[in-house]
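Reader: I'm new to this one. Could you pick a single part and take me through it closely?

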Amino acid sequence: MSRQKHEEPSVTTTADATTAPLPTRTAADSTYQNRVADYWNAEENPVNLELGKIDDLYHHHYGVGEADRSVLDEKDPERRRERITAELHRLEHAQAELLAGHLGPLSPADRVFDAGCGRGGGSVVAHLRYGCRADGVTLSAKQADFAGEQARRRGIDGKVRYHCRNMLDTGFPTGAFAASWNNESTMYVELDLLFAEHARLLRRGGRYVVITGCYNDTYGRASREVSLINAHYICDIHPRSEYFRAMARNRLVPVHVQDLTAATLPYWELRRQAEHLVTGIEDTFLTAYRNGSFQYLLIVADRV
C-alpha cells in the first residue's frame, strides 16, 4: 500500500480539547484498502459480536490459554451456548491482557496508539490497566463509530478515542506516544510502511507490541491453508522473517519474542465446536498450526 497524502479529508469520531486539530485525510487510499474497509463495515459475525455483549469489550482477535472444556458437557442447549461464548470471550480477553502487559510501565500521563483497533476492546483494556490515554484507528467508519459509542457509555471518551484513519499515515504528532501495538492487523498492510509510522509516532525508548499470525519460513512458501486464510479475510499474511527485517529497517529492536501457537490451539479447538459461532475457517487454522506452516507470535520491540 502506498502512503496516503496529507491534504485528504478524514473522519474522527471523538473530539479531544487537549490536543490540537489533526491534519485531514481519508482512511483508505487504494482499491484494496477500500475493499478491506467495505469488508469490516459489513462484518456482523456472531463470534465478534456475541462475545463482546458479555461485558461490552469487543475484541477482534483470537484467544490464548487453557480452555475449560467442561462447557462442552453442558446438557441444556441454551446454557451450553452461553458457557461456550463466555469461555471463548475469556480466552480472547486473556490475549488482550497479555499484549497490554507488555506495553508498560505506563502512567495516566502517557498516550498509546492502537493500530487497527477493530471495535475498540484493546484500547479500553490498556486504559483500564494503566489509566493512559488511547487512540485507536481503523479503516472502518462503522467500527470507529461503534467503538466511540462504547467509550461514551463507559464514560471514558475523554481518554479513549477512535478514528477512521489509515494506520500507515495517521496524522498524529511525531513522538507523541509512549507505546503502540497491532493486534492481528499487520496482515492488511506493508510492514515497512507500518513500522515506519510506529517509529515516527513513538518517542525514543517507546514500546511497540504485535501479536500476529505469520507463515513459517522454514516450512517453505505459504501453505494452502495460509492461502485460504488470506482469501477468507482479504488479507496477505507475511512470513515470520519479514517482521524482524522490517523492524530492523525502522528502528524497532525486538526485546522479547514468544511463540503463542500452542497457547492458541485450545481456543480454536473450542471455537470449532461452537455451532452458533463458527465461521468456516476454524479447521483451516487448526490444520495450519498443526502442520507447522503457520505460527502465532508475540513480538515486543523498543524504538531506538
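Author: Here is a walk around one helix and its two packing partners, with a short stop at a loop.

First, the ground rules. This is a predicted model, where local features need pLDDT of at least 70, side-chain atom pairs count only at pLDDT 80 or more, and totals for chains, interfaces and linings use all residues. Residues are numbered from 1 along each chain as its sequence is written, and side-chain values use heavy atoms, leaving out hydrogens and water.

Our part is helix α3, residues 77-101. Helices here are DSSP runs of H or I with at least four residues, strands are runs of E with at least two, and both are numbered from the N terminus.

Start with α3 and helix α9 (residues 261-271): they pack at an angle of about 155°, and their axes are 10 Å apart. Axes are lines fitted to C-alpha atoms, for helices over the stretch in contact, and angles run from 0 to 180 degrees between N-to-C directions. Angles under 35 degrees count as roughly parallel, over 145 as roughly antiparallel, 65 to 115 as roughly perpendicular, and the rest as oblique. So α3 and α9 are roughly antiparallel to each other. Their crossing is left-handed, meaning that the near helix is turned anticlockwise from the far one by less than a right angle; clockwise would be right-handed. On the α3 side, the contact (heavy atoms within 4.5 Å) is made by Ile 84, Glu 87, Leu 88, Leu 91 and Glu 92. From α9 come Tyr 267, Leu 270 and Arg 271. Look at the spacing, too: an α-helix has 3.6 residues a turn, so residues three or four places apart point the same way.

Now for the other partner, helix α4 (residues 121-130): its axis and that of α3 come within 10 Å and cross at roughly 55°. That makes α3 oblique to α4. This crossing is right-handed. Here α3 brings His 93, Ala 96, Glu 97, Ala 100 and Gly 101, which meet Val 125, Arg 129 and Tyr 130 in α4.

Last stop: the loop between α3 and β2 (111-115), where you'll find Pro 105. The peptide bond from Gly 104 to Pro 105 is cis, with omega near 5°. That's worth a second look, because most peptide bonds are trans.
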